[in-house]
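I opened my notebook to a fresh page for this one. Let me walk you through what I looked up, entry by entry.

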Amino acid sequence: MWDSEATSGLWICTTRLGEISAQKGSTTATGSTGGFWIGLWSPDGQSVACLGRTGSWRLWTYDSQQDRWLQSIGTSGHTKSITDIAWARDGSYLLSTSSDQTTRLHAKWISSGASSWHEFARPQIHGYDLNCIDVVGESQFVSGADEKLLRVFDEPQSTAELLSQLCGVKSACERALPEAAVIPVLGLSNKALKPSAEPLSDLGDQVLTDNALQSTMPDYARLDKPLEPPTEDALARHTLWPESEKLYGHGYEISAVAVSHDGLVIATACKASSLDHAVIRIFETIDWRELKPPLVAHSLTVTDLRFSDNDCYLLSTGRDRQWSTFGKDSEGSGLFVLKAKYPRAHSRMILSACWAPVEMGEVFVTGGRDKAYKIWNLQKTGSELLDTFHASGPVTAVDILRPLILATLVLAVATENGEVSVVVLEKETLKIKSSHRLEDQ
């Protein structure tokens, strides 16, 4: 901010808002937030709002008693297309991944009897576009990007305490949580940051004493009772989750990931143009080893993976216009084997699928670029197409509400043009009872 000097008439810089980059031009968690695109004054001149490169509106308000500008809660969000979302097991927070190379955690802030949703952490700030995500357990998630491996992340103590104090989310994790995480220079892996007398080779000769650890933590993480969600500078620098595992095996960029409901198995797939790479790899979360051989059914990229509610079946869809189902081996080996597949299930590629609740039997829904979503029934004698419905555009996502409500099936259908519809189906006949389009508010 500049002000005119009364005597000389010169314009002098009186206040600087934001932070100075440690690495010029950097937009990583260790560098700057990339500068501001625009700044606006409030009508009374007591507040300034700025839009940053990381997708956040940052707000400063002048405090006359302290004679300084204080940062307030702003509005944050992704800057490019969101590619996947995943709810926590208990629904307490939502994780989202995007082509802007970040993973963000959103939760409901409860304050003075009111509630609102905010971004509370930015667990992953990556060097590749992120494509998929799923929750492994109470304090873990796995994500895949435009690289050949998947990464598993653990919730740090600072995020757990923040969610507990501001959102009422209690961590059920029994193991010790790391304090925080940091990205080494020229690295892509978030390293756990713990008080220690021994240096970490990946971080150079830095000794992480208690004082050094405290200096790396943001103000809100050092407070016993933080009063509000973290601001953009804290989100971009101090809310990373440490990476605990890497899952290898794929030859191209990761396209889909799914975790079983019991959290014991992870299914993954990558972009492919041949049978050799259009496979589904299964990993155990106990020792993070792959269960071989990989599952073979598709000839092109697998676009979606879904486990049934009882984890007995794995459903996959692909660009080759077919869906496939795999079931657990009857011999009790824990391996999955191909149960059924349906070539040319849609006239164009299938983009999404979901299972119905187990009380409906082996019923699932698929949605494709042919502007159709179809309901299928998996039977011992084969698969049956129960019905076909049409949407206003290519169907990019489908999901079913749990549990059943008044003997009806509530299905959400999203299309490429941004339209989201809620379709209510009769449980017995699976005929449409009503359909509602969600309007922008």
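**Entry 1: a hairpin.** I started with two strands that face each other: 5 bridges join strand 17 to strand 18 (residues 265–270), and the two run antiparallel. I noted that this is a predicted model, so every value here is computed. Next I looked for a matched pair of residues, and found V259 standing opposite I266 in strand 18. The two strands make a hairpin with 5 residues between them. In its turn I checked G263, which has a positive phi of about 75°.

Is strand 17 buried or exposed? I went through strand 17 (residues 254–259) and found 6 of its 6 residues buried, so the strand is largely enclosed by the rest of the structure.

**Entry 2: the sheet around the hairpin.** I followed the pairing onward and got an open sheet of 4 strands in the order 17-18-19-20, with antiparallel pairing. Strand 17 and strand 20 (290–296) stand at the edges with a single partner strand each, so one side of each has no neighbour in the sheet. On average, neighbouring strands of this sheet are turned by 20° against each other, direction ignored.

I then checked the next link, where strand 18 and strand 19 (residues 279–284) pair in the antiparallel sense over 4 bridges. Which residue of strand 19 is the bridge partner of I266? I found F283. I jotted down that I266 thus has V259 opposite it and F283 as its partner in strand 19.

**Entry 3: another open sheet.** Here I found 4 strands in the order 21-22-23-24, with antiparallel pairing. The edges are strand 21 (302–307) and strand 24 (336–342); each has a single partner strand, so one side of each is left without a neighbour in the sheet. The twist from one strand to the next averages 20°. I also looked up how strand 21 pairs with strand 22 (residues 313–318): antiparallel, over 5 bridges. One bridge there links D304 with T317 in strand 22.

**Entry 4: T97.** I moved to strand 8 (residues 93–98), where T97 sits. Its relative accessible area is 0%, so T97 counts as buried, the cut-off being under 20%. What does T97 touch, leaving aside its neighbours within four places in sequence? I listed its contacts, among them H78, D84, L130 and C132. I also looked at S143, which is 46 residues away from T97 along the chain, and found their C-alpha atoms separated by 8.2 Å.

**Entry 5: a surface patch.** W37, I38, L40 and W57 form a nonpolar patch on the surface, with about 430 Å² of accessible area together. Strand 3 (residues 36–41) gives the largest share, 3 residues. W57 is found in strand 5 (residues 57–63). With 35% relative accessibility, W57 counts as partly exposed.

**Entry 6: helix 1.** In helix 1 (residues 157–167) I marked the buried residues, including S158, L162, L163 and L166. I reminded myself that an α-helix has 3.6 residues a turn, so residues three or four places apart point the same way. Just after helix 1 comes G168, whose phi is positive, near 70°.

**Entry 7: the whole chain.** Last, I stepped back and counted 4 helices and 32 strands. Of the 441 residues, 46% count as buried. The chain exposes about 22,100 Å², and carbon and sulfur atoms supply 50% of that. Among contacts between residues at least 6 apart in sequence, 44% join residues at least 24 apart.

Definitions and conventions. Residues are numbered from 1 along each chain as its sequence is written. This is a predicted model: local features need pLDDT of at least 70, side-chain atom pairs count only at pLDDT 80 or more; totals for chains, interfaces and linings use all residues. Side-chain values use heavy atoms; hydrogens and water are left out. Buried means under 20% relative accessible area, exposed over 50%, partly exposed in between (1.4 Å probe, protein chains only). Contact means heavy atoms within 4.5 Å. Patches are made of residues with over 30% relative accessible area and no salt bridge: like charges are joined within 9 Å, nonpolar side chains (Val, Leu, Ile, Met, Phe, Trp, Tyr) within 5 Å. Accessible areas come from the Shrake-Rupley method with a 1.4 Å probe; for residues, only the protein chains shown count as cover. A salt bridge is a side-chain nitrogen of Lys or Arg within 4 Å of a carboxyl oxygen of Asp or Glu. Two strands pair if DSSP finds at least two bridges between them. Axes are lines fitted to C-alpha atoms, for helices over the stretch in contact, and angles run from 0 to 180 degrees between N-to-C directions.
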